[in-house]
Amino acid sequence: MSLTIYNTLTRRKELFEPLDPGNVRLYVCGPTVYDYAHIGNARPVIVFDVLFRLLRHVYGPDHVTYVRNITDVDDKINARAARDYPDLPLNEAIRKVTEKTEAQFHDDMHALGALDPTVEPRATEHIEQMRAMIDRLIAKGAAYVAEDHVLFRVASMADYGKLSGRSLDEMLAGARVEVAPFKQDPMDFVLWKPSKPGEPSWPSPGGIERPGRPGWHIECSAMSAAHLGEVFDIHGGGIDLVFPHHENEIAQSRCAHGTDVMAKVWMHNGFLQVEGEKMSKSLGNFVTVHELLTGWQGYAWPGEALRFNMFRTHYRQPLDWTLVSLDEAHKTLWDWYGDVEAFEPAPEVPPAIVDALSDDLNTPKVIAELHKLHGAKEHAQLRAALGFLGFSGKRENIKRNVVIDVPSVAIEVHALPPSIEAGPSDKQVNERVAARLAARKEKNFAEADRIRDELEAMGIVLMDAKDPETGELVTTWEVAR
């Protein structure tokens, strides 16, 4: 078995060869803890949880170190603390906000079946490492002090922009950089800044007398180096972090440590939209994981259904989060769990599942393989595969609750039938039938079988026949009686 991963840095799929097979190291940018995580925040958690599970399977659980940080010093945290606890000193209010939000984040991610990372460092616990890295950058001429700030000198990084593939002009136009007269170059970015009265503050690096706090980018560079070393195997995050966050991480880390790379492989998951539109509070389609778990569109959804819905789209592709797709994900799991929960898992994970994941985390292919196991009634194998992927295989864990809102009252009852509607619409069925025919023409019979199984689970019976005039395959369908 060989593991291939798409590397954003080189823009190609590459054979993954760890620096040390006895200590495979993964870093992923974690949450800024000021509010509930939205469903877009959950996508990288699930994507890299799958990678973590795969690496543990291949190299052994004791030979993989997964670090996902907690950002607990940030302007958004300060604003939330001042809003929620106006009568408390700001630092005390900040501690209340970060502790509460971190606990909420953990609860939501556990509900999605995500394993805890090996290490979960907090930014405020690594200020000394940040100050030391900044002093090293100043000593090397890669950073400078100006008006109580420390800024990274972008000109000191010869290939700055390699990760994002942008020119300096493009980066300047897209970065919305802060215009500050003390910058030597508009692209230079903040490593350290002075704190305002009442804000969290620490002794500043670079000989600055005024207390201050770190910039966002230096936090991840310091925490990853502290727990994984100056060069490690994989750095992950959402595609929105490529520039400027990850580009800046690379620049400051390489210049501080004198290395050719910061991480060998850079992995990024695609954007998530809701019902075909960018998620936005102004559009009314902003949804948190907590809302989905407790009540969204009239239903409280089980976390395993949310997880499975993420699997349906390859991690590098944009994902459209819809009520229909979520319902279909739930119905598929409900069908499978009903068949497998009486069986003990097989002792080994089916090789086809591992092979599919080893092809750049190809979760759509994984789903096709799961459908094949279900169709072949390989219930013990399917149960083993589900467990490996973070699914319980028990129907009691995926009951969906109906949340009926009436004035001043919320009534919750168990929704035992697994579907929202009486059945799929004609349009939904016809689209799948067309997709199945296209798959057959491409000789992708696994995909064709998967679609047939999916329709069968929805109560749709397909009938294939040849057109007497053209000889082409024609498929008709009816609702099972």
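A residue counts as buried here when its relative accessible area is under 20%. Keep that cut-off in mind as we walk through this predicted model, since Cys29, at 14% relative accessibility, falls on the buried side of it.

Let's begin with the overall layout. The protein chain is divided into domain 1 (4-269), domain 2 (272-402) and domain 3 (429-479). Between the C-alpha centres of domain 1 and domain 3 there is a separation of 47 Å.

Now for a group of residues picked out by annotation. An unreviewed UniProt entry places the feature "binding site" at Cys29, Cys220, His245 and Glu249. These positions are spread over 221 residues of sequence, yet they cluster in space, with a largest C-alpha distance of 11.1 Å.

Take Cys220 next, which you will find in helix H6 (residues 216-228). Its relative accessible area is 2%, so Cys220 is buried. What is Cys220 in contact with, leaving aside its neighbours within four places in sequence? The partners are Tyr27, Cys29, Asn69, His245 and Glu249, and three of these names, Cys29, His245 and Glu249, also appear in the "binding site" annotation from UniProt.

From there, move to His245 in helix H7 (residues 242-257). With a relative accessible area of 1%, His245 is buried too. Leaving aside neighbours within four places in sequence, His245 is in contact with Cys29, Trp216, His217 and Cys220. One of these partners, His217, deserves a second look: the side chains of His245 and His217 are joined by a polar contact of 3.0 Å.

With cysteines among the annotated residues, it is natural to ask about disulfides. How many disulfides does the count come to? The count is zero, the rule being that two cysteine sulfur atoms must lie within 2.5 Å of each other. Cys29 is in no disulfide, and the nearest cysteine sulfur, that of Cys220, is 3.9 Å away. Because the cut-off is 2.5 Å, that 3.9 Å separation leaves the pair Cys29 and Cys220 outside the definition. Cys255 is in no disulfide either; for Cys255 the nearest cysteine sulfur is again that of Cys220, 17 Å away. At 15% relative accessibility, Cys255 counts as buried.

One more annotated stretch rounds off the tour. The unreviewed UniProt entry places the feature "short sequence motif: 'HIGH' region" at residues 31-41. Over residues 31-41 the chain is 27% helix and 0% strand, and the C-alpha atoms at the two ends are 8 Å apart.

Terms used
Residues numbered from 1 in each chain as written. Predicted model: local features only at pLDDT ≥ 70, side-chain atom pairs only at ≥ 80, totals over all residues. Heavy atoms only, no water. Domains from an automatic or database assignment. UniProt positions renumbered as here; feature names shortened; annotations may be inferred. Helix = DSSP H or I, 4+ residues; strand = E, 2+ residues; numbered from the N terminus. Buried < 20%, exposed > 50% of the residue type's maximum accessible area, 1.4 Å probe, protein only. Contact = heavy atoms within 4.5 Å. Polar contact = N/O pair within 3.5 Å; in protein donor to acceptor, adjacent residues only side chain to side chain.
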